Amino acid sequence: MRSFRRTPGSFASLDQATLRDIALVCVAAGLVGASFGAISVAGGLDLWVPIVMSVLVFAGGSQFAAVGVVLSGGSPVAAVVAGLVLNARHLPFGFAVADVLGDRWRGRLLGAHLTIDESVAFAMGQRDPSARRAAFWVCGVALFVVWNVAVVLGALAGGVIGDTDALGLDAAFPAALLALVLPSLRDRATRDAALAGAVVTVATTPFLPAGLPVLLALAGLALMFVFPGRSSDAAAGDRPARRRNIRVPRRRAGAP
């Protein structure tokens, strides 16, 4: 936070559209966080588990994956591995926003905890250095507060609701992930890898312990190395070329 304070007027450098988008993301995150807390407690976990996990981990995808593996009967080791695999993307995220974290280790430590998909996306969407810092810290801090408050409320409600499937809360996070993934599926290589991973997961689910089929879905990435040419550029080449509208000049009356 020190790096954020050292940039006077940085909050004012964000336009109204960016602040509105951050607010909308916080609303969506609050709904997903509440569903996570409710599903965790209704599934049999103690009240403190989703709350402590949200404070210390603060990564919705990893939290849902870990809890899903445990509630399905998987081992804690498989749950941790699933969470680590999903959080591996945060390593390049850290390099992408290293300039907004400042030079002091306390700011970098706090910033690393707030480095999530949304804060990185909003930071990289700004060109001005002051706006980059403001977007990162405002989004990161706001989401941290909203997410944890929502998880607490959801966890409290989960003890009362009991059956979260009846309210459709179990579909909240998969729906959010699907919305995030859909734009990436326009790329042919990514689409093929995702399809192969889904096939592997579905085929191995009846035979392997919970959590392992999800990890085996990474086998779909092998397609991107075996067929490196199947990229978005190659996919674009597969599309039929558009016809060019060539205007043919009309002959004048009496012209040869």
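**Helix packing and a pocket in the predicted model**

Helix α4 passes α5 in a right-handed crossing. The model here is a predicted one, and this pair makes a handy place to start. The two helices pack with their axes 8 Å apart, at an angle of about 160°. With angles over 145° counted as roughly antiparallel, α4 and α5 therefore run roughly antiparallel to each other. On the α4 side, the residues involved are Gly61, Ser62, Ala65, Ala66, Val69 and Val70, and they meet Ala78, Ala79, Ala82, Gly83, Leu86 and Asn87 of α5. Sorted by class, this contact of α4 with α5 comes out at 8 nonpolar and 4 polar residues, with no charged ones.

Helix α4 (residues 60–71) also packs against α2, this time at an angle of about 20° and with the axes 11 Å apart. That angle makes α2 roughly parallel to α4, since anything under 35° falls in that class. The crossing of α2 past α4 is left-handed. From α2, the contact draws on Val32, Ser35, Phe36, Ile39 and Ser40, while α4 supplies Gln63, Phe64, Val67 and Leu71. Charged residues are again missing: the contact of α2 with α4 has 6 nonpolar and 3 polar residues.

Next comes the pairing of α2 with α3. Helix α2 spans residues 16–42 and helix α3 residues 48–56; their axes come within 8 Å and cross at roughly 140°. So α2 and α3 are oblique to each other, and α2 passes α3 in a right-handed crossing. Here Phe36, Gly37, Ser40 and Val41 of α2 touch Pro50, Met53 and Ser54 of α3. The split by class is 4 nonpolar to 3 polar, with no charged residues in the contact of α2 with α3. Two α2 residues turn up in both of its contacts: Phe36 and Ser40 meet α3, and Phe36 and Ser40 also take part in the contact with α4.

Then there is the empty space. The second largest pocket has a volume of about 240 Å³. Its lining takes in 15 residues, and Met53, Ser62, Ala66, Ala79 and Val80 are the ones closest to the pocket centre. Helices α3, α4 and α5 (76–87) are the elements that each give two or more residues to this lining, and the largest share, 6 residues, comes from α5. By class, the lining of the second largest pocket divides into 11 nonpolar and 4 polar residues, with no charged ones.

Some of these central pocket residues are familiar from the helix contacts. Met53 is on the α3 side of the contact with α2, whereas Ser62 and Ala66 of α4 and Ala79 of α5 belong to the contact between α4 and α5.

Note on methods: Residues are numbered from 1 along each chain as its sequence is written. This is a predicted model: local features need pLDDT of at least 70, side-chain atom pairs count only at pLDDT 80 or more; totals for chains, interfaces and linings use all residues. Side-chain values use heavy atoms; hydrogens and water are left out. Axes are lines fitted to C-alpha atoms, for helices over the stretch in contact, and angles run from 0 to 180 degrees between N-to-C directions. Helices (H or I, at least four residues) and strands (E, at least two) are DSSP runs, numbered from the N terminus. Angles under 35 degrees count as roughly parallel, over 145 as roughly antiparallel, 65 to 115 as roughly perpendicular and the rest as oblique. A crossing is left-handed if the near helix is turned anticlockwise from the far one by less than a right angle, and right-handed if clockwise. Contact means heavy atoms within 4.5 Å. Ala, Val, Leu, Ile, Met, Phe, Trp, Tyr, Cys and Pro count as nonpolar, Asp, Glu, Lys and Arg as charged, and the others, Gly among them, as polar. On a 1 Å grid over the protein atoms alone, a cavity is a set of points where a 1.4 Å probe fits but cannot get out, and a pocket is an open set with protein on both sides within 12 Å along at least five of seven lines; lining residues have an atom within 4 Å of a point. Grid points are joined across faces, edges and corners, and a volume is the space filled by probe spheres set on the points.
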